[in-house]
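Reader: Please take me through one part of this model in close detail. I would like the strand pairing first, then whatever surrounds it.

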Amino acid sequence: MDDDRRRVVVTGEGPVLIYGPVDVEMPDGTRVPGDRAVTALCTCGRSRRSPFCDTSHRRRVRDRREKEDDT
Ligand code: FES
């Protein structure tokens, strides 16, 4: 197994998780260096820390589940 390979997990209702340190390149070309074991990138567009997930997606998932329970 190649230890240099990163694992990327698409969670479906939340962020994309990247296992292993990564640098994130922003639209303006700047780079945000990352040494975290796991980096969570926002896919819902609600994060106030974009491009990183701040768990704001959880409210949307909870709201949708509550609506489904009401029907
Ligand atoms: S995916 Fe978590 S805040 Fe957007």
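Author: Start with a single pair of residues. V10 has V16 in β2 as its bridge partner. V9 is bridged to L17, again in β2. This is a predicted model, and these bridges are read from its coordinates.

Now widen the view to the two strands. β2 covers residues 16-19. It pairs with β1 in the antiparallel sense, over 4 bridges. β1 and β2 form a hairpin, with 5 residues between them. G12 sits in that turn. Its phi is positive, about 95°.

Next, the other neighbour of β2. β2 and β5 also pair in the antiparallel sense, over 4 bridges. Take I18 as a marker here: T39 in β5 stands opposite I18.

Put the pairs together. The result is an open sheet of 3 strands. The order is β1-β2-β5, and the pairing is antiparallel. β1 (7-10) and β5 (38-41) are the edge strands. Each has a single partner strand, so one side of each is left without a neighbour in the sheet. Neighbouring strands of this sheet are turned by 20° against each other on average, with direction ignored. A general point helps when viewing such a sheet. In a regular strand, side chains alternate between the two faces of the sheet.

Where does this sheet sit in the chain? The protein has 5 strands and 1 helix. From the N terminus, the elements run β-β-β-β-β-α. The radius of gyration is 15 Å, well over the 11 Å that the globule rule gives for 71 residues, so the protein is more spread out than a compact globule. The C-alpha trace spans about 50 × 35 × 15 Å along its principal axes. Buried residues make up 8% of the 71 residues. To count as buried, a residue needs 20 or more other C-beta atoms within 10 Å of its own. Now the contacts between residues at least 6 apart in sequence: of these, 21% join residues at least 24 apart.

Look just ahead of the sheet. D4 lies in the segment before β1. Is D4 buried or exposed? D4 is exposed, because 5 other C-beta atoms lie within 10 Å, and the cut-off for exposed is 12 or fewer. Compare its position with S47. The two residues are 43 apart along the chain. Their C-alpha atoms are separated by 29 Å.

Then follow the chain past the edge strand β5. A loop lies between β5 and α1 (57-70), and P51 has its place there. What kind of peptide bond joins S50 and P51? The bond is cis, with omega about 15°. T55 is in the loop between β5 and α1 as well. T55 is not a glycine, although its phi is positive, about 75°. T55 is partly exposed, because 13 other C-beta atoms lie within 10 Å. That count falls between the two cut-offs, 12 or fewer for exposed and 20 or more for buried.

To recap the part you asked about: β2 pairs with β1 over 4 bridges, and with β5 over 4 bridges.

Definitions and conventions:
Residues numbered from 1 in each chain as written. Predicted model: local features only at pLDDT ≥ 70, side-chain atom pairs only at ≥ 80, totals over all residues. Rg over C-alpha atoms; globule rule 2.2 N^0.38 Å. Contact = placed C-beta atoms within 7 Å. Pairing = 2+ DSSP bridges. Axes fitted to C-alpha atoms, helices over the stretch in contact; angles between N-to-C directions.
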